[in-house]
Amino acid sequence: MAAVLTLTAALAISGCSDSSEGPAKPSMKVSGAFMPQPVNDKMAGAFMVIENDSKTADKLTGVTSTLSDDLQIHETKDQKMQQVPSLDVPANGELRLERGGNHVMFMGLKSTPKVGDKVTVELRFEKADPVKVELDVKERTYTAQAPASTAGDAH
């Protein structure tokens with residue numbers, strides 16, 4: 001009986017620690033990452049879907065790449081683009097970075113990638129570990145298709 005009570009108490013305590021900041025960090029998955037081929041070496045955009053399957057909300061706080069020393073997180077509101085310090089990645093939800101919406105901007109490219117190239121970026125979050133992502137360089141007119149409801153399962 002004492003063993004059952006001890007186990008019950010341990011489970012209750014661990015359950016309480018989960019509701020605060022608990023040891024479990026959010027884990028991010030990225031799909032559909034691409035960059036339209038830049039027109040010149042001045043700027044480029046990056047688009048993707050960041051999925052958060054955890055119960056903990058997080059924030060995208062930064063992006064780095066060897067292609068540029070100046071990567072910015074941009075929010076689009078009322079058809080106006082502005083740099084922001086972070087974007088929310090909701091618990092059990094996703095952050096869509098897409099044309100005409102929120103996105104990542106590369107300013108002052110060190111080279112101009114061509115269609116078929118891959119550009120590596122590292123996404124940084126407030127809580128989750130950094131995630132390395134390969135952006136496929138696509139034609140300038142490329143637009144990602146909306147994923148089917150099971151698209152998140154394929155990796």
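A residue counts as buried when its relative accessible area is under 20%. Phe-34 has 4% relative accessibility, so Phe-34 is buried by that cut-off. Please keep in mind that everything here comes from a predicted model.

**Aromatic pairs around Phe-34**

Phe-34 is a good place to begin. Across the whole structure, a search turns up two aromatic pairs. One of them joins Phe-34 and Phe-47: the ring centres are 5.3 Å apart and the planes meet at 35°, so this pair is described as tilted. Phe-34 belongs to strand E1 (residues 28-36) and Phe-47 to strand E2 (residues 43-52), so the pair ties together parts of the chain that are 13 residues apart in sequence. Both Phe-34 and Phe-47 are buried.

Phe-34 also forms an aromatic pair with Tyr-142, and this one is edge-to-face, with 4.7 Å from centre to centre and 80° between the planes. Here the span in sequence is 108 residues, because Phe-34 sits in strand E1 while Tyr-142 is found in the segment after strand E10 (131-138). Taken together, Phe-34, Phe-47 and Tyr-142 make up one aromatic cluster.

What is the burial class of Tyr-142? With 27% relative accessibility, Tyr-142 is partly exposed. The ring of Tyr-142 has a charged partner as well: the charged end of Lys-138 sits over this ring, 4.9 Å from its centre.

**The nonpolar core**

Next comes the interior. The largest nonpolar core holds 30 residues, and those with the most contacts inside it are Met-48, Ile-50, Leu-60, Phe-106, Leu-123, Phe-125 and Leu-135. Which residues does Phe-125 touch, leaving aside those up to four places away in sequence? The list is Met-28, Ile-50, Asp-58, Lys-59, Leu-60, Thr-61, Val-89 and Val-131.

**Salt bridges**

Lys-59, one of the residues touched by Phe-125, also takes part in a salt bridge, with Asp-88 as its partner. The structure contains eight salt bridges, and the table shows three, including that one.

| Salt bridge | N to O distance |
|---|---|
| Lys-59 and Asp-88 | 2.7 Å |
| Glu-94 and Arg-96 | 2.8 Å |
| Lys-132 and Glu-122 | 3.3 Å |

In the salt bridge of Lys-59 and Asp-88, distant parts of the chain are linked: Lys-59 lies in strand E3 (residues 58-64) and Asp-88 in strand E6, 29 residues apart. Lys-59 is partly exposed at 28% relative accessibility, and Asp-88 is partly exposed too, at 49%.

The salt bridge between Glu-94 and Arg-96 also has two partly exposed partners: Glu-94 has a relative accessible area of 37%, and Arg-96 stands at 30% relative accessibility.

Lys-132 and Glu-122 form the third salt bridge in the table. Their pair links distant parts of the chain, with Lys-132 in strand E10 and Glu-122 in strand E9 (residues 118-125), 10 residues apart. Lys-132 is exposed at 64% relative accessibility, whereas Glu-122 is buried with a relative accessible area of 15%. Through shared salt-bridge partners, Glu-122, Arg-124 and Lys-132 are joined into one network.

**Strand pairing and positive phi values**

Now to the backbone. Strands E4 and E5 pair in the antiparallel sense over four bridges. Within this arrangement, Thr-76 stands opposite Met-81 in E5. The hairpin of E4 and E5 has two residues between the strands, and in this hairpin Asp-78 takes a positive phi near 50°.

Most residues other than glycine have a negative phi, so it is worth looking at where positive values turn up. Gln-79 is one such place, with a phi near 60° in a residue other than glycine. Gln-79 is located in the loop between strand E4 (70-77) and strand E5 (80-83). Is Gln-79 buried or exposed? Its relative accessible area is 81%, so Gln-79 is exposed.

Asn-92 is another residue that is not a glycine yet has a positive phi, of about 50°. Asn-92 lies in the loop between strand E6 (87-89) and strand E7 (93-97). With a relative accessible area of 55%, Asn-92 is exposed.

Methods: Residues are numbered from 1 along each chain as its sequence is written. This is a predicted model: local features need pLDDT of at least 70, side-chain atom pairs count only at pLDDT 80 or more; totals for chains, interfaces and linings use all residues. Side-chain values use heavy atoms; hydrogens and water are left out. Rings of Phe, Tyr and Trp (its six-membered ring) pair if their centres lie within 6.5 Å; planes under 30 degrees apart count as stacked, over 60 as edge-to-face and the rest as tilted. Buried means under 20% relative accessible area, exposed over 50%, partly exposed in between (1.4 Å probe, protein chains only). A charge sits over a ring if NZ of Lys or CZ of Arg is within 6 Å of the ring centre and within 35 degrees of the ring normal. Two strands pair if DSSP finds at least two bridges between them. A nonpolar core is a set of buried Ala, Val, Leu, Ile, Met, Phe, Trp, Tyr and Cys residues joined through side-chain atoms within 4.5 Å. Contact means heavy atoms within 4.5 Å. A salt bridge is a side-chain nitrogen of Lys or Arg within 4 Å of a carboxyl oxygen of Asp or Glu.
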